[in-house]
Amino acid sequence: MTKEKNNRLHKWLKVLKFFAAYLVAAWTFLQFVDWLLIRYNISPYWVDIQLWFFIGISPSLIIYLYNQDRINERILKLHEKIIFPLNIILLITVLYFSFSSSDLGATTTSVDYTNEKGEQKTAFITKEEFRKNFNIANFEPKTKDSANAWMEFGISKLLLEDLAQNKNLKAYPLSAKNTTDKINYANLYGDTYVDGEFEIIDSTYIITTFIRNSVNANIIKQETLKGKDLLDLIDDISIFVTNQYSNSSNEFNTPIYADLKVKEFTSNSLKAIEYYINEDYSNAIKEDSTFALAYLDYGKYNLFYNSSEFDKIYLADNAYKNRARLPIQKRAETLILRYLAYDQHKDAEELVKLQLEVDPNDDVYNGMLYNIYVKTKNLKAYTQLAYNSYKNNPTPANGFNFANAALFNEDYDEFLSVIHKLELLQPNNKQLIMLKIMPLLLKGDILKAEKTQKKVKLLNPDYENVTKVYDKAISYLKNRQVTKVDLQKFEGEYRSIGSELIFNFFIKNNTLLKLNSNQGISPTVMSSGNAVISGYAIAESTIEYTFLRDQTNAIYGMKSEQNTLSDSRQYWYLKIDSNIKKAETLFKSKKLDSAKIAYTTAIKLNPKHFYLKDVLQHINYIQSVDASTLQNQYKDIVGTYGPRKIWLEKDKLFYKRDNQPQIEL
């Protein structure tokens, strides 16, 4: 018996010796393959596949090593005849389902583009799947100083813009300021995030950058830089961050990008940059008339809020004119903005899709594509983009677009299923529950919506001002079944009395949708006989639209109450009918006699629309005086009046106050 035990022990020691040699050889081989894949830019998934193959084959290998004398003689027992092929089949099946959707080819791809001289060029870029994802949060001031408060998020914003030039990386902004919130959001994107701290001593900037673990916020790497020039320091921080996230910066065929200095693609004026960071774009371009990035962001802002038709063209033209200061990808944005400003939606769509071939998950380009689909009311394309974007890259931004698309397509259960999965991944995220209320209300499950709302208010008392609209909807819908007839009375276009923003309410399936020109499409739910609500409390913004009726009980306008965590603001809109559209078209085309008749009709049918009388009065006046008298009258009032400016341009009179929209008088 002792001899048999000794033989078994000897056998197992021999197995362990061979198995240890196998592990060493496998690990050495994996290291070589890893180096080879990095050097020649081939998918790193092959290392993972081989690693799991080496691990997965271990049961059969151990059985073989223990019985190798017999098995080498081709004598196999029944259980071995079953285990060996079953092990291989299971291993191949698991590997197939684990890696079949992964890109196993090159980590790079070639992209053709046209440079500023019109020459065709080819560049190698890293495929989206293989880029390093991480967040960049605020840089905390060591000493609070209102004069330098803009730097807290200014440093991170400029760093984001600088790193955007490197297509090996994908950095996302993180607006959270406390550590808990940073962790909650950062671990959705990657294993680490970046933040920092700064101070200014005797005109010297001292900035410390931290690379942190996104699970516990522990510092992985840090670097402190000092200097007199803030923008030069941000370039150095960019190098530090890039080095931490780059695998193989010295390999001969790693993609190389033109890395413009921050001063080159922004401004030499720190004051202009301060205005830019504070989103005071008007003063930023006053400080630096060649500040292309400020023109671009101001143009996108103006387009989003439909502030001014005149500014839309002016800003897009200037962004495009100064585009040579920008990195390649930003230059494409200026052209897209110009297409959108001139309503050339087809050209804009083609160019955006071309850019998305390079960077499929780019938030800016995807946002522009949503903008185009909203403007052209292409719900099918909007939905497809939203579903695909969220499936491929489940970021919060893609999540909200998916939410809207799922709800107006009445995919309520699918949306609730996605929220449930997110709750499993983030069990401590007490805000996710807020996403359940809108689908439950739209689904008609009012009792469950009411229970969810009670839980929301218990878990998130600070959100009372944004969740209050749900109380109204629940109270109204509890004993009512909303029909299409109830919703049809709200359909139509409503234009802001303070800007050129237009809301379009229309019905799809059984849902009243709200379309904001250049902003988005979202579902609404009735909260009273004359009001609907929209928005998500988790986005810290909900809105109630109350429709206004005249003495004949016809809807003539709308009041929008927008709720945030801290306050509620009201905005007013007037309904635009076919008579008003006809009058405005005739006026713009200078057919004044016909316009007078059309405006008279429009005023009679829309007595609450005060501005219609102003336009008719204007037409009557300019027809009563000759052109030279009118021009002299214009010249008399041209000038600067405190923050207000009035000027003549191509025989037209314009008005602008500070950084408010430019309008024609």
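A crossing of two helices is called left-handed if the near helix is turned anticlockwise from the far one by less than a right angle. In this predicted model, the crossing of helices H25 and H26 is left-handed. This briefing covers that helix pair, two open sheets with the helices that pack on them, and the surroundings of Asn465.

**Helix pair H25 and H26**

- Helix H25 spans residues 592–605 and helix H26 spans residues 610–624; the two pack at an angle of about 155°, and their axes are 10 Å apart.
- Because angles over 145 degrees count as roughly antiparallel, H25 is described as roughly antiparallel to H26.
- From H25, the contact is formed by Leu592, Asp593, Ala595, Lys596, Tyr599, Thr600, Ala602 and Ile603.
- From H26, the contributing residues are Leu612, Lys613, Val615, Leu616, Ile619, Asn620, Ile622 and Gln623.
- Sorted by class, the contact between H25 and H26 comprises 10 nonpolar, three polar and three charged residues.

**Four-stranded sheet**

- Four strands form an open sheet in the order E17-E18-E19-E20, and their pairing is antiparallel.
- Strand E17 (639–641) and strand E20 (663–664) are the edge strands, each pairing on one side only.
- Two bridges connect strand E19 (residues 652–657) with E20 in the antiparallel sense; Phe654 stands opposite Glu664 of E20.
- Helix H27 (residues 627–637) packs on this sheet and touches E17, strand E18 (644–649) and E19.
- The direction of H27 makes about 150° with that of E18.

**Five-stranded sheet**

- A second open sheet has five strands in the order E4-E3-E5-E6-E7, with mixed pairing.
- Strand E4 (169–173) and strand E7 (219–227) lie at the edges; each has a single partner strand, so one side of each lacks a neighbour in the sheet.
- On average, neighbouring strands of this sheet are turned by 25° against each other, direction ignored.
- Strand E6 (residues 204–213) pairs with E7 in the antiparallel sense over eight bridges, and Ile211 has Lys221 of E7 as its bridge partner.
- Helix H8 (residues 230–245) lies across strand E3 (132–141), E4, strand E5 (192–201), E6 and E7.
- H8 runs at about 20° to E6.

**Surroundings of Asn465**

- Asn465 belongs to helix H22, which covers residues 464–477.
- The side chains of Asn465 and Ser568 are joined by a polar contact of 3.2 Å.
- Leaving aside residues up to four places away in sequence, Asn465 touches Thr542, Asn563, Thr564, Leu565, Asp567 and Ser568.

Notes: Residues are numbered from 1 along each chain as its sequence is written. This is a predicted model: local features need pLDDT of at least 70, side-chain atom pairs count only at pLDDT 80 or more; totals for chains, interfaces and linings use all residues. Side-chain values use heavy atoms; hydrogens and water are left out. Two strands pair if DSSP finds at least two bridges between them. Contact means heavy atoms within 4.5 Å. Axes are lines fitted to C-alpha atoms, for helices over the stretch in contact, and angles run from 0 to 180 degrees between N-to-C directions. Angles under 35 degrees count as roughly parallel, over 145 as roughly antiparallel, 65 to 115 as roughly perpendicular and the rest as oblique. Ala, Val, Leu, Ile, Met, Phe, Trp, Tyr, Cys and Pro count as nonpolar, Asp, Glu, Lys and Arg as charged, and the others, Gly among them, as polar. A polar contact is a pair of N or O atoms within 3.5 Å; within protein, one must be able to donate a hydrogen and the other to accept it, and residues adjacent in sequence count only if both atoms are side-chain atoms.
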